[in-house]
Amino acid sequence: MPKTKLIAPFSKMAFCCALLFVTACGEQAIVPQAQVESGPYGVTPELIEAATAEGIVSYYSSLDLVVAERMAAAFEEQHPGIDVRVERAGSERVFQRIGQEYSSGIYNADVTDTSDEVHFAYFKDQGWLANATPAEFVNYPAETKDPDGYFAAFRADLSVIAYNEQLVSADEVPTSFAELLDPKWKGRMVKGHPGYSGTIMTATYALSEALGWDYFAQLGQQEVMQVQSSTDPPKKLALGERALQFDGNEYVAVQQQMAGVPLKIIYAAEGTPLVVGNAAILANAPHPNAARLFYAFMFSQEAQQLNSDTGGVRSFHPSVVDRSGRPSLSEINLLRSNPEDLGTRLQEIKQRYEEYFGT
Amino acid sequence: MTSKLAELFLNRRFRFDISRPIFVLLALLLAILVVFPLFWLTYYAFFDNDGNATLANFVALISDPTVHRAFGIAILMALGVGALATVVATPMAWLVARTDVPGRGVIRVLVLASFVTPPFLGAIAWEILAAPNSGILNDLYRWITGSDGALLNIYTFQGLIFAIACYTFPYVFTLVANALDRIPSDLEDASSILGAGWSTTLRRVTFPLVLPAMLAGSLIALLQALTLFGSPAILALPAGFHVITTKIWSYFQFPPQLGLAAASAIPLLLITILLLRSQKWILGRKGYTVLAGKGTVARTTLLGKMKWPALGLVGFVLCLTVIFPYAALMKAAFTRNISEPLNFSSLTLQNFNFVFFEFSATRLAMWNTFLLGILSATAVTTLVVIISYVVIRRSFAGSSVLGTLATTPIAIPGIVLGVGLFLSYANPTFMLYGTLWILLIAFVTLGLPSGYQQMSSAMTSVHSDLEDASRIFGASRLKTLWLITTPLLRTSIVATWCFIFIATIRELSATILLTTSNTKLVSVIIYDLNESGNLGAISVLGIMLLMVSFTIVFIANKVPLMSSNRLNLRS
């Protein structure tokens, strides 16, 4: 048998490997930072054209997946030819990913939102955000916007107590966090994880300020089921796996209500942690125009109303009408967090949390 | 005849043997694959941010009781999984390979199905089945007994061992069944002729002959369990404990503590080396060559009346690993809320609609997953055939180093390898992050150990006399490998390919750090969906993943991969 025939497969493979390697190295070039002027911008035909030419917007979000995809679909419908790639994970993982990418000089993300204010302070400090103020911003209250125009509050989250009516009788419905230390709640509660969810991190911080760490030490004895995302506890209630959520997104609980699940939300006497979910455009966004167009859309009344109607997401946009019938933010005793203080205490919170809850 | 032989020898002398440069090239490739991430791992473990040598990371680990706990739990868990998988799989493999138990073909297919099932998907399915309050089996138990307690709780240490063993026992099963297929019956016949009973032969002849395969299988199962991330992340977290991998994962939360993560991987590496050493020690220097230049037929034991209880036992195991979990996933796929009773009004295609039309990641992820599965399986199989050959036949001085290199990644938990690769290749020099290449590198590196284990154990059982004959007649090493060894090992090669393909589909721990929105894989999507509790969508994706993987494995087994018309001693 001629030798070439036998060797061919091997040498061919070796060659292919070499070729692969070469093409792989040359494939991705650093995208230069887009030169876009600061100051308010409107959705002009030029912007739409430039955005359509880019064709893609990469959206790193911590919004509930179904809500995020629905908003993306609404955008795609308005702007055919632009594909929104939703990269959904918990806030802390979105943060970790962007941090990982930017420290390695890799720029994949166009727009991001997380429910941890600390992240945006950090991003801004690092110079990782682009200055972007859509014209729609004039309608938003001043305290919801970064004064330098790098980010703004895309949504308001509440971390709430909620319960499944089928599993909690009317006379045992709690009104406060303090009541949840009662032995009758042992093994019946579920909560999210601060190492994963920005909402839970903020809520844990706010509650540790309001109730003290000793409260959490006692809560740790209650055999609380631990899940990761703050969007998960309401779903565990819907399954009937646990009767009551200690913390978790209010908007996902509202979504479950809309789907007919007998879920009830409690705004605790001690207060309800308010979690501001900011959004921003990344400084080195690979699709800067599509990013600006999508960012403008996210803050438009239309998108905010859509998120409210179909996802129960609370908006800071004054013209958005909340049709869910729940109390407005001004009617709720809110626990606000200080992002600067929280930023310095992340490690401590995680350590204490592991001490009390095992993970 | 003599002149022809002389001509062959003459030819050989003047021909340049291309085998050697190719072997050297492969050795280099292997070294880069394995050493590069390990270098970064060690560097981060022993050096601080300013590049000064330090033991601070280890001091921090040793003084942290939560780390001790995570290590203890993980080691117990891995031992539990290894033991459970071996105890369940070995008799099953014997029943299927050597007895007349009914439905052997179906059993093999169902074992393959549990193997194709990613452990994280299995863990999610078991959440649906055995969550204490909403689990289907517990609902059933309450309905039957009228009690209000729970029969099973998957969110426990035992539950975790069970859920992992369900999807790692096929490693042991496949290796043992393959070994039993290969062992010639003449040794057993000799034992019978000399007066040994059925059980004596099994104990003194068959069992010792499959021992290498059994040990290799349980070792793989054990190490898989030790380095697994998905199942513990899904089941241990709700239960309120960490294992090593989830602990390491927590070090990547912001602000990332790469030093601690790297340092906590080093004991894992040492444990693994220890285990591999002990395997060698147990096997000793006994010879296990069972396939030489003589054909044999495996002997079948007739079970008689024991047939049906045996089938029942196997059926029970398969119910737990495949049938119940997939039934649960089916239910979740077709209902809005899995705790709803199943009837016509609760049936919905909403989940399918979401996965196929609303969820933007589905199509890309499916494509990426199968592309990478096929590419890595092909690459790894080619590599391990050559490496095993070089190592087992001691082709070159120092060739055993290749074996060590190929086995080393087994000690690196996927999640740590993920970081190692990120540090190695996600920099301006390589720019591989955000491409499929970095994932391919990860999968090839991760696939090497199990591929090598399997291939070298198969190669050990092929005696070199046939190859020697080929070499004497003037064929180069590579030619011999291609013409003689490979066809002899055809079954093992196809099995290895499928092993790696499936392992790639199942991989989550390294993947999770290396994917981006452009390079999404189904495993990561499923994990993300689980974190936010979208069980319906997970089920749809999971069922689809199983079906496509199964089809590919089926085709792989049918394709006459190489020269089946050539010498094939088994048929």
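**Exercise 1. Into which domains is chain A divided?**

Solution.
- This is a predicted model.
- Domain 1 of chain A takes residues 40-155 + 276-323.
- Domain 2 of chain A takes residues 158-274 + 331-357.
- The centres of the two domains, taken over C-alpha atoms, are separated by 27 Å.

**Exercise 2. Describe the contact between domain 1 and domain 2 of chain A.**

Solution.
- Start with the counts: domain 1 brings 17 residues into contact with 19 residues of domain 2.
- Next, find the elements on the side of domain 1 that touches domain 2. Helix H4 (91-103) and helix H5 (117-126) of chain A each supply at least two residues there.
- Then sort that side of domain 1 by class. It holds four nonpolar, seven polar and six charged residues.

**Exercise 3. Give an overview of chain A: its elements, its burial and its contacts.**

Solution.
- Chain A has 13 helices and 14 strands.
- Of its 359 residues, 50% are buried.
- Take the contacts in chain A with a separation of 6 or more. Residues 24 or more positions apart account for 81% of them.

**Exercise 4. In what order do the five strands of the open sheet in chain A lie?**

Solution.
- The order is S10-S9-S11-S8-S12, and the pairing is mixed.
- The edge strands are S10 and strand S12 (263-266) of chain A, each of which pairs on one side only.
- Begin at the S10 edge. Strand S9 (residues 189-191) of chain A and S10(A) pair in the parallel sense, over two bridges. Here A:Val190 stands opposite A:Met225 of S10(A).
- Move to S8(A). With strand S11 (residues 244-245) of chain A, S8(A) pairs in the antiparallel sense over two bridges. A:Ala162 has A:Gln245 of S11(A) as its bridge partner.
- Finish at the S12 edge. S8(A) and S12(A) run antiparallel and are joined by four bridges. A:Ile161 stands opposite A:Ile266 in S12(A).

**Exercise 5. Which residues of strand S8 (residues 161-164) of chain A are buried on each face?**

Solution.
- On one side, A:Ile161 and A:Tyr163 are buried.
- On the other side, A:Ala162 and A:Asn164 are buried.
- Both faces of S8(A) are therefore covered.

**Exercise 6. Check the length of helix H13 (residues 346-357) of chain A against its expected span.**

Solution.
- H13(A) has twelve residues.
- At 1.5 Å a residue, the helix should span 16 Å.
- Its end C-alpha atoms are 16 Å apart, so the two values agree.
- After H13(A) comes A:Gly358, whose phi is positive, near 90°.

**Exercise 7. How many residues does each chain bring to the contact between chain A and chain B?**

Solution.
- Chain A brings 51 residues and chain B brings 45 residues.
- Several elements of chain A each supply at least two residues of the side that touches chain B. Among them are helix H3 (65-78), strand S3 (83-88), helix H8 (232-239) and H13.
- H1(A) gives the most to this side, with eight residues.
- By class, the side of chain A that touches chain B has 20 nonpolar, 17 polar and 14 charged residues.

**Exercise 8. Which residues have the most contacts inside the largest nonpolar core?**

Solution.
- The largest nonpolar core has 279 residues.
- From chain A, the residues with the most contacts inside it are A:Ile281 and A:Phe294.
- From chain B, they are B:Val81, B:Val176, B:Ile438 and B:Ala442.
- The core draws at least three residues from each of domain 1 and domain 2 of chain A.
- Look closer at A:Ile281. Leaving aside neighbours within four places in sequence, its contacts include A:Val111, A:Leu129, A:Ala132 and A:Tyr295.

**Exercise 9. Is B:Ser457 buried or exposed?**

Solution.
- Locate the residue: B:Ser457 lies in helix H19 (residues 436-460) of chain B.
- The cut-off for a buried residue is 20 or more other C-beta atoms within 10 Å.
- B:Ser457 has 21 C-beta neighbours inside 10 Å, so it counts as buried.
- Leaving aside neighbours within four places in sequence, B:Ser457 is in contact with B:Pro212, B:Ala213 and B:Ala216.
- B:Pro255 is 202 residues from B:Ser457 in sequence and 44 Å away in space, C-alpha to C-alpha.

**Exercise 10. How many of the eight residues of helix H12 (residues 244-251) of chain B are buried?**

Solution.
- Seven of the eight are buried, and H12(B) is mostly covered.
- The buried residues include B:Ile244, B:Lys247 and B:Trp249.

How values were computed. Residues are numbered from 1 along each chain as its sequence is written. Chains are lettered from A and ligands numbered from 1 in the order in which they are written. This is a predicted model: local features need pLDDT of at least 70, side-chain atom pairs count only at pLDDT 80 or more; totals for chains, interfaces and linings use all residues. The expected span of a helix is 1.5 Å times one less than its number of residues. Domain bounds come from an automatic or database domain assignment. Two residues are in contact if their C-beta atoms, placed from the backbone, lie within 7 Å. Ala, Val, Leu, Ile, Met, Phe, Trp, Tyr, Cys and Pro count as nonpolar, Asp, Glu, Lys and Arg as charged, and the others, Gly among them, as polar. Two strands pair if DSSP finds at least two bridges between them. A residue is buried if 20 or more other C-beta atoms lie within 10 Å of its own, exposed if 12 or fewer, and partly exposed in between; C-beta atoms are placed from the backbone. A nonpolar core is a set of buried Ala, Val, Leu, Ile, Met, Phe, Trp, Tyr and Cys residues joined through C-beta atoms within 7 Å.
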